[in-house]
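Subject: A structure for you to explore

Hi there,

Here is the structure I promised to pass on to you. Have a look around it first, and then read my notes below.

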Amino acid sequence: MEVVSKWKSHGGTQGVYRHASNVCACDMTFAVFEPPQAAEGPCPVLWYLSGLTCTHANVMEKGEYRQLAAELGLIVICPDTSPRGEQIADNDSWQLGTGAGFYVDATEEPWNLHYRMYSYVTEELPALVEKNIPVDTRRQGIFGHSMGGHGALTIALKHPERYASCSALAPIVEPSTAEWAQRAFESYLGSDASKWRHYDACALVEDGARFAEFLVDQGSADEFLDSGLRPWLFEDACKEAEIPLTLRMQDGYDHSYYFISTFMADHLKWHAERLK
């Protein structure tokens with residue numbers, strides 16, 4: 001695990017690291033904030049999954065999470081959103097290829113050679129972090145934005161024994177039918193849409209997956225609200241399955257990091273309460 005950079009911040013440490021990934025067959029980069037409490041022993045860990053076109057750096061630079069994470073004693077880990085490199089399959093579309101891993105394990109060529117972000121985020125990276133960062137693996141939460149919100153919801157639904165909390169900011173709740181995701185899902189997973197259900201939050205709930213509770217924030221002025229996000233679909237699925245969901249429509253907010261940073265503190269506090 002190579003140290004790319006490291007800064008002192010709010011009494012803790014903001015680091016960026018690089019490592020050779022066997023799962024993605026390339027070098028991968030991720031960010032970790034360790035609060036001052038981590039110097040004394042393991043701390044609860046909160047995984048943040050970013051959205052389309054982002055790297056680890058977007059939330060690290062614009063998410064405004066460090067001060068409160070330091071106060072709450074939370075380790076915050078921010079993976080990249082896809083494999084990267086000149087020899088790795090890509091596409092001109094911002095919704096497919098680099099920056100658009102969608103947190104799935106691709107099964108179709110040429111994407112299946114590198115685009116295995118589900119296994120990377122749920123298996124390889126946690127194992128690496130556990131060996132190098134003082135995380136308390138008994139106290140883990142996961143959240144994310146947009147494509148990352150989709151990733152957080154689906155991963156939590158498939159691993160309810162691992163995560164004590166899950167929330168999302170403007171998540172893509174039903175990627176199987178969303179303009180944003182259909183092309184990527186068909187490219188990565190093939191034309192059989194039944195195989196997409198394994199990575200679709202609404203479908204997972206319909207098929208019997210369960211989680212203790214969710215928090216979702218969504219801006220009412222989000223330009224992608226009707227075409228790609230549609231949180232009311234997840235609200236209906238959770239209501240039918242009797243899964244507690246707090247869906248907050250935030251008046252006037254869009255899809256940007258101005259929205260994310262505004263409600264970041266609420267999400268950190270919500271997770272901290274459940275990770276005690």
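**Charged pairs**

With a relative accessibility of 29%, Arg84 counts as partly exposed. Its salt-bridge partner is Asp80, with N and O 2.6 Å apart. Asp80 has a relative accessibility of just 4%, so it counts as buried, the cut-off being under 20%. Please keep in mind that this is a predicted model.

In general, side chains of opposite charge can pair when their charged atoms come close. How many salt bridges does a search of the whole structure find? The search turns up 11. Another one joins Glu213 and Arg274, at 2.7 Å from N to O. Glu213 sits in the loop between α6 and β8, while Arg274 belongs to helix α9, so this pair ties together parts that are 61 residues apart in sequence. Glu213 is partly exposed at 27% relative accessible area, and Arg274 is partly exposed at 29%.

Asp266 and Arg248 form a salt bridge as well, their closest N and O atoms being 3.0 Å apart. Because Asp266 lies in helix α9 and Arg248 in strand β9, the pair ties together parts 18 residues apart in sequence. There is also a network: salt bridges that share partners join Asp136, Arg138 and Arg139.

**Helix α9**

Two of those pairs lead to α9, so let's go there next. The helix covers residues 257-274, which makes 18 residues, and spans 25 Å from its first C-alpha to its last, close to the 26 Å expected. Where does α9 bend? The bend is at Phe263, by about 40 degrees.

At the start of the helix, a side-chain oxygen of Ser256 comes within 3.2 Å of the backbone nitrogen of Tyr258. The buried residues of α9 include Tyr257, Phe259, Ile260, Phe263, Met264 and Trp270.

Ser261 is part of α9 too. Is Ser261 buried or exposed? Its relative accessibility is 14%, so Ser261 counts as buried. A polar atom of the Ser261 side chain lies 2.8 Å from the backbone oxygen of Tyr257. Beyond its neighbours within four places in sequence, Ser261 is in contact with Lys62, Gly63 and Glu64.

**The nonpolar core**

In soluble globular proteins, nonpolar side chains tend to be buried together. Here the largest nonpolar core has 95 residues, and Phe102 and Tyr188 touch the most other members. Setting aside residues up to four places away in sequence, Phe102 touches Leu52, Met147, Ile172, Trp180, Phe185 and Tyr188, among others.

Enjoy exploring!

How values were computed
Residues numbered from 1 in each chain as written. Predicted model: local features only at pLDDT ≥ 70, side-chain atom pairs only at ≥ 80, totals over all residues. Heavy atoms only, no water. Core = buried A, V, L, I, M, F, W, Y, C linked by side-chain atoms within 4.5 Å. Buried < 20%, exposed > 50% of the residue type's maximum accessible area, 1.4 Å probe, protein only. Contact = heavy atoms within 4.5 Å. Helix = DSSP H or I, 4+ residues; strand = E, 2+ residues; numbered from the N terminus. Expected span 1.5 Å × (residues − 1). Bend = angle between axes of the 7 residues up to and from the residue. Polar contact = N/O pair within 3.5 Å; in protein donor to acceptor, adjacent residues only side chain to side chain. Salt bridge = Lys/Arg side-chain N within 4 Å of Asp/Glu carboxyl O.
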